[in-house]
Amino acid sequence: MCRNNAQFKYATEAGTVSPEVNQWFVSVDRDKSGEISWQELQSALVNAEGRNFSESVCRLMIGMFDKDRTGTINVGEFQELYNYINNWLGTFKMYDRDQSGSIEEPELTQALQQMGFRFSPEFTKFLIERSDLKLHKTMSIDQFIVTCVQIQRFTEAFRNKDSERIGVITIGFEEYLGLALSCS
């Protein structure tokens, strides 16, 4: 009988997971529970500045892929997260033209326009300032992911309320709070 349930879990789920991702999962799963917490994920993800992804980013990503709502992700969910991060990384690198590891306002503007968003220069500047608390000039990969995910969530919620597709909705304060809290 297998005493280590985590090893059994890895073996049974490894069929749908690439060997590279499975190996990375095993190394990130420090407590060998067969699940990764946001803290374990945070210790594994580093941006181009050499800093770990923020707690909010890691919690967001765990929450997005935690299908059974345990607050952790298993190796299959980790594979999905891995694919998701790599897709965003590809998008980020496409617009990080100077390969600095962060994007500036003009690069963010281009990325958002490519995604179908036509924001004012003031709003794009606000997004950069919000993500770079020190210099207010650049956005790292982890902040780029969070910003894009939040914009997508709010856009979807807005579209659900914009039944006439005119770009304007009228909602009460509590409905607005519910919308905002459900998207963040």
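Is glutamate 80 buried, partly exposed or exposed, and what is its relative accessible area? Select it and keep that in mind; the answer comes at the third stop. One caution before the tour: this is a predicted model.

**Stop 1: the whole chain**

Start with a cartoon view. The chain has 9 helices and 2 strands. Going along the sequence, the order reads α-α-α-α-α-β-α-α-β-α-α. If you draw a box along the principal axes, the C-alpha atoms fill roughly 60 × 40 × 25 Å.

Now switch on a surface. About 11,100 Å² of the chain is exposed, with carbon and sulfur atoms supplying 53% of that. Of the 184 residues, 40% are buried. For a feel of the contact map, take the contacts between residues at least 6 apart in sequence: 50% of these join residues at least 24 apart.

**Stop 2: helix H4**

Select residues 55-65, which is helix H4. Its buried residues are Val57, Cys58, Leu60, Met61, Ile62 and Phe65. Show what surrounds them, and you will find that the cover includes helix H3 (38-44), H5 and helix H8 (141-161).

Stay on H4 and pick arginine 59 and glutamate 55. Their side chains form a salt bridge, 2.8 Å from N to O. The two residues sit 4 apart in the helix, about one turn. That spacing fits a general rule: an α-helix has 3.6 residues a turn, so residues three or four places apart point the same way. Colour by accessibility and both partners come out partly exposed, arginine 59 at 45% and glutamate 55 at 37%.

**Stop 3: lysine 67 and glutamate 80**

Next, select lysine 67 and glutamate 80, another salt-bridged pair, at 2.3 Å from N to O. Lysine 67 belongs to the loop between H4 and H5 while glutamate 80 is in helix H5, so this bridge ties together parts 13 residues apart in sequence. Here's the answer to the opening question: glutamate 80 is partly exposed, with a relative accessible area of 33%. Lysine 67 is exposed, at 57%.

**Stop 4: aspartate 66**

Step back one residue to aspartate 66, in the loop that runs between helix H4 and helix H5 (75-95). Which side chain of opposite charge is nearest to this aspartate? Arginine 69 is, but at 4.8 Å, and aspartate 66 has no salt bridge even though it is buried. The cut-off for a salt bridge is 4 Å, so a 4.8 Å separation falls outside it.

Try a distance label from the aspartate 66 side chain to the backbone nitrogen of threonine 70: it should read 2.9 Å. Then show the contacts of aspartate 66, ignoring neighbours within four places in sequence, and you get Gly71, Thr72, Ile73 and Glu77.

**Stop 5: the rings**

Hide the charged side chains and show Phe, Tyr and Trp. There are 11 aromatic pairs in the structure. One to zoom in on is phenylalanine 25 with phenylalanine 78, an edge-to-face pair with centres 5.4 Å apart and 65 degrees between the planes. Since phenylalanine 25 is in helix H2 (residues 19-28) and phenylalanine 78 is in helix H5, the pair ties together parts 53 residues apart in sequence. Both rings belong to buried residues.

For a contrasting geometry, move to phenylalanine 119 and phenylalanine 123. Their ring centres are 4.8 Å apart and their planes make an angle of 55 degrees, so this pair is tilted. Phenylalanine 119 is partly exposed at 28%, and phenylalanine 123 is also partly exposed, at 31%.

Before leaving the rings, select Phe65, Tyr84, Trp88, Phe92 and Phe144 together. Ring pairs link these residues into a cluster. You have met Phe65 already, among the buried residues of H4.

**Stop 6: helix H7**

Finish at residues 121-131, helix H7, with lysine 125 and glutamate 129 selected. They form a salt bridge whose closest N and O atoms are 3.9 Å apart. As with the pair in H4, these two are 4 residues apart, about one turn of the helix. Lysine 125 is partly exposed at 42%, and glutamate 129 is partly exposed at 29%. Across the whole structure, the search turns up 4 salt bridges, and this tour has visited some of them, including the lysine 125 bridge to glutamate 129.

Key. Residues are numbered from 1 along each chain as its sequence is written. This is a predicted model: local features need pLDDT of at least 70, side-chain atom pairs count only at pLDDT 80 or more; totals for chains, interfaces and linings use all residues. Side-chain values use heavy atoms; hydrogens and water are left out. Buried means under 20% relative accessible area, exposed over 50%, partly exposed in between (1.4 Å probe, protein chains only). Lys and Arg count as positive and Asp and Glu as negative; His and the chain ends are not counted. A polar contact is a pair of N or O atoms within 3.5 Å; within protein, one must be able to donate a hydrogen and the other to accept it, and residues adjacent in sequence count only if both atoms are side-chain atoms. Contact means heavy atoms within 4.5 Å. Rings of Phe, Tyr and Trp (its six-membered ring) pair if their centres lie within 6.5 Å; planes under 30 degrees apart count as stacked, over 60 as edge-to-face and the rest as tilted. Accessible areas come from the Shrake-Rupley method with a 1.4 Å probe; for residues, only the protein chains shown count as cover.
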